[in-house]
Structure formats: C-alpha cells, structure tokens
Amino acid sequence: MTEPVAETDPPRPHGNDPGPARLIALSDGIFAIAMTLLVINVAVPADLPAAAFHKALNDALPSLGAFALSFTLIAGFWRDHRRILTTLPVETTVVTRLTLLGLGLVALLPFPTGLLAEYASQPDAVALYASAMAAIHAVHATLLLLTQRQVHPSPTSPAAMARRRFTAQLGSSVLVFGLSIPLAFVNTKAAMWFWITLVPAHYVIGHYRRRLPQP
C-alpha cells in the first residue's frame with residue numbers, strides 16, 4: 001500500500017494560506033475557463049436564410065450534445081476536486097504535482113470535446129475523449145489513495161469508509177472510460193453508449209458499500 005503523503009513528503013506551508021487554499025483557488029479558475037471554452041464549439045453563422053439557418057441549427061446539435069456532456073463531467077470533476085482538496089490539512093509536493101497534472105488535462109478538454117462533436121464517427125476522436133476522461137478520473141483516484149491516511153488515520157471511521165467508497169466510484173469511471181477506448185475501434189456508437197454505465201456503476205458501488213458491515 002502506498003505510504004501516506006504526510007510521511008514521505010513534509011508539509012510546505014505557503015504564507016498565511018491554510019492547507020491547499022492556493023491550489024483550490026487556482027483549480028477554480030482553470031475549471032471555470034475550461035467550462036467556458038467548451039461553448040466556443042457551439043456556433044451558427046450569421047445572416048443565413050431560413051432554410052440554411054435550420055440546416056445550420058441542426059448541424060450544431062452534435063456540438064450542443066458534446067458541450068452538455070463535457071460541461072456535466074467537468075462540473076463533476078470540479079466538485080470532486082474541491083471535495084478532495086478541502087479535506088487536506090497541508091499541501092505537499094506530490095499533491096501539488098498531481099493536482100497540476102489533473103488541471104492540465106481539464107484545460108485540454110475543450111479540444112477532445114470539439115473533436116467528438118465534429119468526428120463522433122471516427123474511432124480516434126472517441127478514443128481520445130475517453131482517454132482524457134479516464135486520465136482525469138485516475139488522477140483524482142490517485143490523490144485519494146495517497147492522502148487516505150493523512151486525512152483519516154482511523155480506517156474504520158465512517159468518513160474513511162465514505163472516502164474509500166468515493167475512490168471506488170472514481171475507479172469504476174477509469175474502468176468504464178478505459179474499456180470504451182478499444183470498443184471505439186469496433187463501434188463508436190457502442191463506445192459512447194457504454195459511458196452511460198457509469199450511472200448504475202456509481203449507484204451500485206455506493207449502495208453496496210454502505211450495506212457492508214463495519215469491521
């Protein structure tokens with residue numbers, strides 16, 4: 001099992017900022033920018049006649065769908081990210097580097113989102129989008145695993161068990177998006193529909209682990 005960050009990496013306080021406050025502020029800004037940039041791919045040319053306008057509006061539907069999907073997922077990433085960082089008592093080098101890696105992937109998301117909107121029938125576009133999503137979920141799961149003991153020294157506490165449940169849900173997201181990558185080269189539509197299994201997977205993990213008897 002990975003050693004807790006607090007034991008392998010001494011805390012480095014930053015001025016008067018309590019814990020990872022500066023990382024949280026940076027993260028909020030990057031998430032906000034990434035969510036805003038998603039809408040750039042949604043556009044209809046100006047001054048079109050009625051027939052061309054309706055065609056352009058219909059052509060914009062894939063972009064709207066990709067925007068809605070990515071906005072929802074980024075909003076979930078933002079919520080998860082704050083949930084992880086706000087529980088940390090100190091900021092460490094490992095946490096900072098992993099956070100920056102995750103933020104870099106989030107900032108990149110408008111690119112695979114645009115590809116998905118324009119080339120959803122192309123396996124490479126679907127695989128790239130799934131890879132980005134799997135990578136961000138993997139970063140968040142790694143952050144949780146590395147800081148588990150630092151945040152919850154008692155593994156049997158309700159909070160520690162809830163954190164492990166959260167980690168398992170993130171792991172299921174990595175698995176679903178990861179499995180959809182090779183599936184995209186077989187059938188792109190099937191790969192995208194496969195992403196919906198995240199909803200029942202998260203529910204089952206949360207419901208099952210809550211019913212487990214406490215040690």
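What pattern does the chain follow when read along the sequence? The pattern is α-α-α-α-α-α-α-α-α-α-α. The legends below take up this predicted model, beginning with the whole chain.

**View 1. Overall fold of the predicted model, with eleven helices and zero strands.** Of the 215 residues in the chain, 40% are buried. Among contacts with a separation of 6 or more, 76% join residues 24 or more positions apart. The accessible surface comes to about 11600 Å². Carbon and sulfur atoms hold 67% of that surface.

**View 2. Confidence along the chain.** The mean pLDDT is 83. A value of 70 or more is reached by 85% of the residues. Helix 10 (residues 188–194) has the highest confidence, at a mean of 95. Helix 1 (residues 5–8) has the lowest, at a mean of 36. Over residues 1–17, pLDDT stays under 50. For this stretch the model has 27 contacts beyond four places in sequence.

**View 3. The largest nonpolar core, with 25 residues.** Six members touch the most other members: Ile74, Phe77, Leu109, Met133, Phe177 and Trp195. At least two core residues come from each of helix 2, helix 4, helix 5 (93–108), helix 7 (123–146) and helix 9 (158–184). Helix 7 contributes the most, with eight residues. A second core, of 15 residues, is separate from this one. Leu23, Leu98, Leu144 and Phe166 are included in that second core.

**View 4. Leucine 109 and its contacts in the model.** Residues up to four places away in sequence are not counted here. Leucine 109 touches Ile74 and Phe77. Leucine 109 also touches Ala132, Met133 and Ile136. Leu38 is another of its contacts. Three of the names in this view, Ile74, Phe77 and Met133, appear with Leu109 among the core residues that touch the most other members.

**View 5. A salt bridge between arginine 82 and aspartate 28.** The two side chains meet at 2.7 Å, N to O. Arginine 82 lies in helix 4 (residues 61–85) and aspartate 28 in helix 2, so the pair ties together parts that are 54 residues apart in sequence. Arginine 82 is partly exposed, at 29% relative accessibility. Aspartate 28 is also partly exposed, at 27%.

**View 6. A salt bridge between arginine 79 and aspartate 80.** The structure holds two salt bridges. In this one, the closest N and O atoms are 3.3 Å apart. Is each partner buried or exposed? Arginine 79 is exposed, because its relative accessible area is 53% and the cut-off for exposed is over 50%. Aspartate 80 is buried, because its relative accessibility is 6% and the cut-off for buried is under 20%.

**View 7. A nonpolar patch on the surface.** Ile33, Leu37, Val39 and Ile40 make this patch. Its area is about 360 Å². Isoleucine 33 lies in helix 2 (residues 21–37). Isoleucine 33 counts as exposed, at 53% relative accessibility.

**View 8. Threonine 87 and proline 89 in the loop between helix 4 and helix 5.** Threonine 87 is partly exposed, with a relative accessible area of 35%. Threonine 87 touches Val151 and Arg163, leaving aside residues up to four places away in sequence. Threonine 147 is 60 residues from threonine 87 in sequence. Their C-alpha atoms are 9.5 Å apart in space. Proline 89 is partly exposed too, with a relative accessible area of 49%. Proline 89 and proline 20 are 69 residues apart along the chain. Their C-alpha atoms are separated by 7.6 Å.

**View 9. Alanine 162 and glycine 206.** Alanine 162 is found in helix 9. Alanine 162 counts as partly exposed, at 21% relative accessibility. Glycine 206 is 44 residues away from alanine 162 in sequence. In space the two are 8.7 Å apart, C-alpha to C-alpha.

Notes: Residues are numbered from 1 along each chain as its sequence is written. This is a predicted model: local features need pLDDT of at least 70, side-chain atom pairs count only at pLDDT 80 or more; totals for chains, interfaces and linings use all residues. Side-chain values use heavy atoms; hydrogens and water are left out. Patches are made of residues with over 30% relative accessible area and no salt bridge: like charges are joined within 9 Å, nonpolar side chains (Val, Leu, Ile, Met, Phe, Trp, Tyr) within 5 Å. Accessible areas come from the Shrake-Rupley method with a 1.4 Å probe; for residues, only the protein chains shown count as cover. A salt bridge is a side-chain nitrogen of Lys or Arg within 4 Å of a carboxyl oxygen of Asp or Glu. Helices (H or I, at least four residues) and strands (E, at least two) are DSSP runs, numbered from the N terminus. Buried means under 20% relative accessible area, exposed over 50%, partly exposed in between (1.4 Å probe, protein chains only). A nonpolar core is a set of buried Ala, Val, Leu, Ile, Met, Phe, Trp, Tyr and Cys residues joined through side-chain atoms within 4.5 Å. Contact means heavy atoms within 4.5 Å. pLDDT is the predictor's confidence in each residue, from 0 to 100.
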